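Visitor: I'd like a close look at a single part of this one, with the rest kept brief. Here's what we're looking at.

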Amino acid sequence: MEPHDTFRDALYKMYEENRRVLIPKELYLESMNNLLEASSTTKKTPHHCYLLKKYELLKCGDVDKLIKRRQSSEEDALYFVTIEDTYDTIKRAHLATGRGGRDKMIHEINKKYANITIDSISLFKSMCTVCQRKRKRPTNKGTVVKPILSKDFNSRAQVDLIDMQSMSQGQYKWIMVYQDHLTKFVVLRPPTYKRASEVAYQQFDGTCLPEDETDTSDAPFICFINLFSQDSALVKCRLKQSSQMKACV
Ligand SMILES: [Zn+2]
């Protein structure tokens with residue numbers, strides 16, 4: 001079933017419960033005829049009086065429209081809308097307000113129409129597929145990134161390769177930065193190729209660090225290196241193979 005038809009059926013159900021505000025098309029046309037009759041007859045029935053008190057006919061070109069009775073002709077006309085036309089009327093207001101929410105639509109509709117209820121507007125809004133899609137769009141707001149925790153030295157590390165091809169020293173064109181996750185301890189290695197096997201070799205070699213960091217017997221020296229001229233961060237490095245390191249620093 002089209003949304004237009006579903007909406008109309010829902011409004012008819014509302015009309016069954018409360019007949020005071022919503023107007024089916026048939027009743028709208030009947031009221032107009034009765035109103036014409038009421039204004040032309042001198043013998044007015046109570047129903048005629050009721051209609052004359054509530055409604056007024058406004059000529060729009062060749063078409064007569066039912067509007068709310070005004071106190072003076074200066075007042076803006078508030079149009080009555082049939083149940084059949086309510087969907088399109090609310091849709092126009094929805095688009096005119098840039099797919100506005102319920103309150104924006106109420107404000108827009110109340111300027112021009114007399115009998116469009118808040119329930120009808122809320123129902124339309126809940127049926128609008130574009131607005132539903134907008135609401136369901138996932139957002140990353142408030143997402144908390146769970147930190148990665150490491151318990152031991154050398155149990156987790158981050159490896160980056162720095163491209164030194166433009167400043168190569170013989171066969172050494174890369175600097176592999178191995179950083180232990182727990183201690184932030186950094187080891188620099190000079191792989192000669194950017195191949196998985198070469199990186200794996202350097203990594204295994206690089207992680208074979210002495211258990212006791214104060215024991216320098218396995219590491220020739222501890223040095224501070226100004227890593228690159230554009231990055232003045234001093235990195236504390238323990239080098240196992242100082243000769244290889246010298247080649248690329
Ligand atoms: Zn919408």
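Visitor: What share of the 249 residues in the protein chain is buried? Once that's settled, please walk me through the part where α5 and α6 come within 10 Å.

Guide: First, the ground rules. This is a predicted model, in which local features need pLDDT of at least 70 and side-chain atom pairs count only at pLDDT 80 or more, while totals for chains, interfaces and linings use all residues. Residues are numbered from 1 along each chain as its sequence is written.

As for your number, 15% of the 249 residues in the protein chain are buried (20 or more other C-beta atoms, placed from the backbone, within 10 Å of the residue's own; 12 or fewer is exposed, and in between is partly exposed). The chain has nine helices and seven strands (DSSP runs numbered from the N terminus: H or I of at least four residues for helices, E of at least two for strands).

Now for your helices. The axes of α5 (residues 102–110) and α6 (residues 118–127) cross at roughly 130° and come within 10 Å (axes are lines fitted to C-alpha atoms, for helices over the stretch in contact, with angles from 0 to 180 degrees between N-to-C directions). That's why the two helices count as oblique to each other (under 35 degrees is roughly parallel, over 145 roughly antiparallel, 65 to 115 roughly perpendicular, and the rest oblique). The crossing is right-handed (the near helix is turned clockwise from the far one by less than a right angle; anticlockwise would be left-handed). On the α5 side the contact is made by Arg102, Met105, Ile106 and Ile109, and on the α6 side by Ile118, Ile121, Ser122 and Lys125 (two residues are in contact if their C-beta atoms, placed from the backbone, lie within 7 Å). Sorted by class, that's five nonpolar, one polar and two charged residues (Ala, Val, Leu, Ile, Met, Phe, Trp, Tyr, Cys and Pro are nonpolar; Asp, Glu, Lys and Arg charged; the others, Gly among them, polar).

α5 also meets α4: their axes come within 9 Å and cross at roughly 115°, and this crossing is right-handed. Here Ile90, Ala93, His94 and Ala96 of α4 touch Met105, Glu108 and Ile109 of α5. The class split is five nonpolar, one polar and one charged.

Arg99 sits in the loop between α4 and α5. Arg99 isn't a glycine, yet its phi is positive, at about 55°. Most residues other than glycine have a negative phi. Arg99 is partly exposed because 14 other C-beta atoms lie within 10 Å.

Behind these contacts is the largest nonpolar core, with 18 residues, where Ile90, Met105, Ile109, Ile116, Ile121 and Phe124 have the most contacts inside it (a core is a set of buried Ala, Val, Leu, Ile, Met, Phe, Trp, Tyr and Cys residues joined through C-beta atoms within 7 Å). Two or more residues each come from α1 (3–17), α4 (83–96), α5 and α6. The top contributor is α4, with four. Ile90 is a handy place to zoom in: leaving aside neighbours within four places in sequence, Ile90 contacts Met105, Ile109, Ile116, Ser120, Ile121 and Phe124. There's also a second, separate core of six residues, including Ala157, Met176, Val187 and Leu188.
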